[in-house]
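Trainee: I should like to learn how the descriptive terms for a structure are justified. May we work through one example together?

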Amino acid sequence: MAQLAHWLLESIREHGASSVFIGVLIESVIVPIPSPLVIMGAGAILIDPGASGPSALRDVLVRIVLPGSIASTLGAFIGYGIGFWGGKPLIERCRGYLGFGWEDVARMEQRLAGRHSGLMILMLRALPIVPLSLISAGAGVIRWSVGPFTLWTWLGSVPRCLGLGMLGWAMRDAYDGLAH
């Protein structure tokens with residue numbers, strides 16, 4: 001995992017927003033990669049440390065939020081598909097790769113089954129606490145409609161990418177130290 005994380009950060013340094021897209025797509029599916037790593041790394045690497053707040057915000061929106069939220073939404077369909085088509089057998093078989101098991105999905109299913117499931121998806125996606133693939137698998141298991149799933153996933157990804165990108169820019173020196 002350390003080699004993959006290093007490769008992602010070097011790729012961001014070299015290729016910019018396209019690597020943000022690929023990195024977020026990978027982290028949406030592979031749970032052992034810490035989800036803030038790519039986006040905070042992009043903020044630390046891609047945004048000029050001397051930029052003013054409004055200039056940094058504009059750059060974060062274009063270079064991080066746009067590719068990151070699109071990739072996060074597309075990557076969510078992998079977990080959604082695992083839950084939707086594979087159900088319990090596939091989730092249990094891929095447990096080590098996904099980083100969660102059926103009991104975790106069952107708990108997520110209870111959270112997503114209510115009236116406010118869209119807001120729940122938005123909040124869980126916006127806050128980098130719950131593994132993104134677990135949220136997606138839970139939505140797939142309960143057969144949540146693709147349209148609302150896509151909308152709420154994207155809406156939750158935007159503030160997450162924005163917050164982590166700005167945090168990476170603001171804490172560049174601390175991030176570099178932690179990354180090494």
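Mentor: The discussion that follows takes several terms in turn and sets each value against its cut-off. Please bear in mind that this is a predicted model.

Trainee: Why is α6 called oblique to α7?

Mentor: The axes of helix α6 (residues 102–112) and helix α7 (residues 117–126) cross at roughly 125° and come within 8 Å. Angles of 65 to 115 degrees count as roughly perpendicular and those over 145 as roughly antiparallel. The crossing angle falls in neither class, and therefore α6 is oblique to α7.

Trainee: Which residues meet where α6 and α7 are in contact?

Mentor: From α6 come Met108, Arg111 and Leu112, and they meet Ser117, Met120, Ile121 and Leu124 of α7. By class, the residues of this contact are five nonpolar, one polar and one charged.

Trainee: What makes the pair of Phe77 and Phe149 edge-to-face?

Mentor: Rings pair if their centres lie within 6.5 Å, and planes over 60 degrees apart count as edge-to-face. For Phe77 and Phe149 the centres are 5.7 Å apart and the planes stand at 70°, so both conditions of the definition are met. Phe77 belongs to helix α4 (residues 53–93) and Phe149 to helix α9, so the pair ties together parts that are 72 residues apart in sequence.

Trainee: How do you know whether Phe77 is buried, exposed or partly exposed?

Mentor: Buried means under 20% relative accessible area and exposed over 50%. Phe77 has 29%, so this residue is partly exposed. Phe149 has 0% and is therefore buried.

Trainee: Why is the pair of Trp144 and Phe149 called edge-to-face?

Mentor: The angle between the planes is 85° and the centres are 6.4 Å apart; the angle is over 60 degrees and the distance within 6.5 Å, so the name applies. Both Trp144 and Phe149 are buried. Ring pairs join these two with Phe77, Tyr80, Phe84 and Trp85 in a cluster.

Trainee: How do you know that the length of helix α9 is close to the expected one?

Mentor: Helix α9 (residues 146–170) has 25 residues, and 36 Å is expected at 1.5 Å a residue. From the first C-alpha to the last, α9 reaches 36 Å, so the two agree closely. Among its buried residues are Phe149, Arg160 and Trp169.

Trainee: What makes Arg143 partly exposed?

Mentor: Its relative accessibility is 47%, and so Arg143 counts as partly exposed. Arg143 lies in the loop between α8 (132–141) and α9. Its phi is near 60°, a positive value in a residue other than glycine.

Terms used: Residues are numbered from 1 along each chain as its sequence is written. This is a predicted model: local features need pLDDT of at least 70, side-chain atom pairs count only at pLDDT 80 or more; totals for chains, interfaces and linings use all residues. Side-chain values use heavy atoms; hydrogens and water are left out. Helices (H or I, at least four residues) and strands (E, at least two) are DSSP runs, numbered from the N terminus. Buried means under 20% relative accessible area, exposed over 50%, partly exposed in between (1.4 Å probe, protein chains only). Axes are lines fitted to C-alpha atoms, for helices over the stretch in contact, and angles run from 0 to 180 degrees between N-to-C directions. Angles under 35 degrees count as roughly parallel, over 145 as roughly antiparallel, 65 to 115 as roughly perpendicular and the rest as oblique. Contact means heavy atoms within 4.5 Å. Ala, Val, Leu, Ile, Met, Phe, Trp, Tyr, Cys and Pro count as nonpolar, Asp, Glu, Lys and Arg as charged, and the others, Gly among them, as polar. Rings of Phe, Tyr and Trp (its six-membered ring) pair if their centres lie within 6.5 Å; planes under 30 degrees apart count as stacked, over 60 as edge-to-face and the rest as tilted.
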